[in-house]
Amino acid sequence: MDFDKAHAKCFAALPKIAKGEVSPKVDKHAQAHLAECDECREELARLKAGGEPLPKRSRASATTLSELSPGSIPVSAGVPSLPIPLVTSVEPSAWLRWGPVLAGVLVLETALLGWILFQSGQPVSAFIRCLAGSV
């Protein structure tokens with residue numbers, strides 16, 4: 001069992017330990033924890049001296065803002081501002097805008113050239129030479 005879990009169980013059982021109302025097994029585990037935890041030893045001594053049990057608290061630091069005391073958060077540690085974008089607006093590049101138009105024009109031009117060559121009775125090899133640029 002890790003230290004935090006053992007500490008929480010032992011701290012919760014300290015009032016019963018101080019009154020001697022725990023089983024030997026629990027007492028054995030508590031004594032093992034008390035040997036290494038100053039906080040639990042001090043609380044047990046305070047309870048044996050007649051003090052009231054303290055409310056449950058964890059040895060771990062506070063994990064939420066509501067658990068922190070009001071004075072522990074500096075004013076500068078407030079809610080962070082929204083990040084400032086590096087670019088104010090995102091415009092598509094010229095290739096993204098005009099690339100499909102250019103591709104469409106090339107397809108139409110190729111189809112028109114093929115149709116003209118077909119209508120004139122030229123063989124398919126002439127069309128392929130035109131596409132290759134070796135006419």
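**Figure 1. Helices and strands across the whole chain.** Five helices and 0 strands make up the secondary structure count for this protein chain, and the model is a predicted one. Walk along the sequence and you read α-α-α-α-α. Of its 135 residues, 13% count as buried. The chain exposes about 11100 Å², with carbon and sulfur atoms supplying 65% of that area. As for how the chain meets itself, take the contacts between residues at least 6 apart in sequence: 46% of them join residues at least 24 apart.

**Figure 2. Where α1 meets α2.** Helix α1 covers residues 3-19 and helix α2 covers residues 24-34. Two packed helices are described by the angle between their axes and the distance between the axes. For this pair, the axes come within 9 Å and cross at roughly 115°. The crossing of α1 past α2 is left-handed. On the α1 side, look for F3, A6, H7, C10, L14 and I17; their partners in α2 are D27, A30, H33 and L34. Sorted by class, this contact has 7 nonpolar, 2 polar and 1 charged residues.

**Figure 3. V22, in the loop between α1 and α2.** Zoom in on the link between these two helices and you find V22 in the loop. Is this residue buried, partly exposed or exposed? V22 is partly exposed, because its relative accessible area is 22%, and the buried class is for values under 20%. Leaving aside residues up to four places away in sequence, V22 touches K16, I17 and D27. Two of those names come back from the helix contact: I17 is on the α1 side and D27 on the α2 side.

**Figure 4. Cysteines without a disulfide.** How many disulfides does the model have? The count comes to 0. C10 is in no disulfide, and the nearest cysteine sulfur, that of C40, is 4.3 Å away. C40 is in no disulfide either; for C40 the nearest cysteine sulfur belongs to C37, at 3.7 Å. A disulfide needs the two sulfur atoms within 2.5 Å, so neither distance makes the cut. Both C10 and C40 are out of the way of solvent by the numbers: C10 counts as buried because its relative accessibility is 6%, and C40 counts as buried because its value is 0%. C10 is also one of the α1 residues that meet α2.

**Figure 5. Where α4 meets α5.** Over at the other helix pair, α4 takes residues 94-119 and α5 takes residues 124-132. The two pack at an angle of about 145°, with their axes 10 Å apart, and the crossing is right-handed. From α4, the residues in contact are T110, L113, G114 and L117. From α5, they are A126, F127, C130 and L131. By class, the contact divides into 6 nonpolar and 2 polar residues, with no charged ones.

**Figure 6. A closer look at G114.** This glycine sits in helix α4 and is among the α4 residues that meet α5. Why does G114 count as buried? Its relative accessibility is 19%, and anything under 20% goes in the buried class. L131 is one of the α5 residues in the same helix contact. The C-alpha atoms of G114 and L131 are separated by 9.4 Å, and the two residues are 17 apart along the chain.

Definitions and conventions: Residues are numbered from 1 along each chain as its sequence is written. This is a predicted model: local features need pLDDT of at least 70, side-chain atom pairs count only at pLDDT 80 or more; totals for chains, interfaces and linings use all residues. Side-chain values use heavy atoms; hydrogens and water are left out. Axes are lines fitted to C-alpha atoms, for helices over the stretch in contact, and angles run from 0 to 180 degrees between N-to-C directions. Helices (H or I, at least four residues) and strands (E, at least two) are DSSP runs, numbered from the N terminus. A crossing is left-handed if the near helix is turned anticlockwise from the far one by less than a right angle, and right-handed if clockwise. Contact means heavy atoms within 4.5 Å. Ala, Val, Leu, Ile, Met, Phe, Trp, Tyr, Cys and Pro count as nonpolar, Asp, Glu, Lys and Arg as charged, and the others, Gly among them, as polar. Buried means under 20% relative accessible area, exposed over 50%, partly exposed in between (1.4 Å probe, protein chains only). Accessible areas come from the Shrake-Rupley method with a 1.4 Å probe; for residues, only the protein chains shown count as cover.
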